[in-house]
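Biologist: I'd like to go through this one with you before I set anything up. Can you put it on screen and start with the inside?

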Amino acid sequence: MVVARIRPVCAAISAVMVMEIGGWVPMKKLVFDYAMTLRFSAPVSDHRFQLRCVPATGPRQQVNDVNLKVTPQTEFETQHDAFDSIVITGFIPQPHTSFEYSVTGIVFVDNANIKPEMSKPLYRFDSALTRPGTTVETMRRPCAGTIAAAGRPLSVMERAEVAMHEVYAAFMYTPASTTIRTTAEQALRQGRGVCQDYAHVMLAVCRHLGLPSRYIAGLLGGEGATHAWVEIYDQGRWIGFDPTHDRLVNADYITIAHGRDYRDCMLDIGIFSGANVTQQQWVNASVHEYRASGRRYGYTRLASMGRVKHGSSGY
């Protein structure tokens with residue numbers, strides 16, 4: 001097992017009070033614990049992995065005291081990808097029947113004072129999982145109609161809320177009804193999905209309403225696993241919208257990674273060699289506010305199962 005304290009994402013907090021309407025209120029101090037376990041039915045080897053599991057300090061959050069543990073023991077490298085998300089890479093050559101990692105830390109979230117950030121032109125355009133078809137276009141038209149019928153120019157926030165409400169109304173949250181490869185068009189056509197699908201559909205609609213938008217992977221208390229939502233660019237800042245819950249993102253959300261869609265934000269991917277191997281994956285996530293009366297949320301779930309043929313495969 002390797003235990004590492006991730007220094008690059010740590011930053012000192014000079015104050016934990018922010019100004020909101022009505023007076024001074026504390027920013028939220030969240031404690032998080034995220035873990036993934038992968039069990040193999042037979043030994044695998046030559047295992048290469050890439051993790052996006054460590055939150056980074058950014059415009060709405062400061063990350064402190066991060067600790068990452070990886071089992072089996074191996075050296076790993078830490079770097080940032082093109083979207084400035086933290087990426088952990090490593091290689092396990094020896095045979096093993098399980099792979100585990102856990103990351104813990106403290107995040108100060110100041111959602112009332114999000115710092116300015118540059119946008120990128122690519123957030124205006126379709127991506128592989130958000131490219132619209134006739135079903136997404138059918139949703140975009142009434143959104144555009146609602147915006148046009150408002151009787152006044154709607155703000156970016158108001159236009160994004162129109163899209164969010166439409167997405168929320170169109171879906172029934174149904175675990176295991178989609179896969180990581182399901183597109184926005186496919187998910188909306190069946191009307192069922194999970195947070196990833198809600199986010200992809202909202203991205204597809206918003207981009208075709210002229211709103212730069214990006215996919216967020218992160219943590220939210222009570223979810224038990226990772227969560228996904230959308231950020232819309234407005235007046236130099238990225239503002240979060242959660243179409244799964246039909247609400248604005250608040251200080252209970254921790255950002256881990258962002259990009260054009262899920263493919264830019266995969267928290268764990270890997271490839272290994274094995275023969276007739278089945279695999280089971282468990283994920284556990286816990287987020288709670290750091291205070292004596294705070295309530296702690298978290299549970300474990302069976303995330304996925306799969307079968308691996310001869311040769312190299314992955315997860």
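Modeller: Bear in mind that this is a predicted model. The largest nonpolar core has 75 residues, and the members that touch the most others in it are Tyr34 and Phe99.

Biologist: What is Tyr34 in contact with, leaving aside its neighbours within four places in sequence?

Modeller: Its partners include Cys53, Tyr101, Ser102, Val103, Leu219 and Thr226, and the list continues with Leu267, Asp268, Val283, Asn284 and Ala285. Another core, of five residues, lies apart from the one that holds Tyr34, and among its members are Leu220, Trp229, Val249 and Tyr253.

Biologist: Switching to Asp81, is it buried or exposed?

Modeller: Asp81 is buried, because its relative accessible area is 18% and the cut-off for buried is under 20%. Asp81 sits in the loop between strand S6 (76–80) and strand S7 (86–92).

Biologist: And what does its side chain reach?

Modeller: The side chain of Asp81 reaches the backbone nitrogen of Phe83 at 2.9 Å, and, leaving aside neighbours within four places in sequence, Asp81 is in contact with Arg52, Val87 and Asp264.

Biologist: Pockets next: what volume does the second largest pocket have?

Modeller: The volume of the second largest pocket is about 340 Å³. It is lined by 22 residues, of which Gly58, Pro59, Glu117, Arg214 and His258 are the closest to its centre.

Biologist: Which strand gives the largest share of that lining?

Modeller: That is S15, with four residues; strand S11 (213–220) and strand S15 (253–259) each supply at least two residues of the lining.

Biologist: What about helix H4, how far apart are its end C-alpha atoms?

Modeller: They are 18 Å apart, which agrees with the span of 18 Å that the 13 residues of H4 (residues 195–207) should have at 1.5 Å a residue. H4 is also mostly covered, with 13 of its 13 residues buried.

Biologist: Now the backbone oddities: which residues does the cis peptide bond join?

Modeller: The cis bond joins Thr71 and Pro72, with omega at about 5 degrees, and Pro72 lies in the loop between strand S5 (61–71) and S6.

Biologist: And what is phi at Asp46 and at Asp246?

Modeller: Phi of Asp46, in strand S4 (residues 28–51), is near 50 degrees, a positive value in a residue other than glycine. Asp246, in the loop between strand S13 (237–242) and strand S14 (247–248), has a positive phi of about 55 degrees although it is not a glycine. Asp46 is partly exposed, with a relative accessible area of 40%, and Asp246 counts as partly exposed at 24% relative accessibility.

Note on methods: Residues are numbered from 1 along each chain as its sequence is written. This is a predicted model: local features need pLDDT of at least 70, side-chain atom pairs count only at pLDDT 80 or more; totals for chains, interfaces and linings use all residues. Side-chain values use heavy atoms; hydrogens and water are left out. A nonpolar core is a set of buried Ala, Val, Leu, Ile, Met, Phe, Trp, Tyr and Cys residues joined through side-chain atoms within 4.5 Å. Buried means under 20% relative accessible area, exposed over 50%, partly exposed in between (1.4 Å probe, protein chains only). Contact means heavy atoms within 4.5 Å. A polar contact is a pair of N or O atoms within 3.5 Å; within protein, one must be able to donate a hydrogen and the other to accept it, and residues adjacent in sequence count only if both atoms are side-chain atoms. The expected span of a helix is 1.5 Å times one less than its number of residues. On a 1 Å grid over the protein atoms alone, a cavity is a set of points where a 1.4 Å probe fits but cannot get out, and a pocket is an open set with protein on both sides within 12 Å along at least five of seven lines; lining residues have an atom within 4 Å of a point. Grid points are joined across faces, edges and corners, and a volume is the space filled by probe spheres set on the points.
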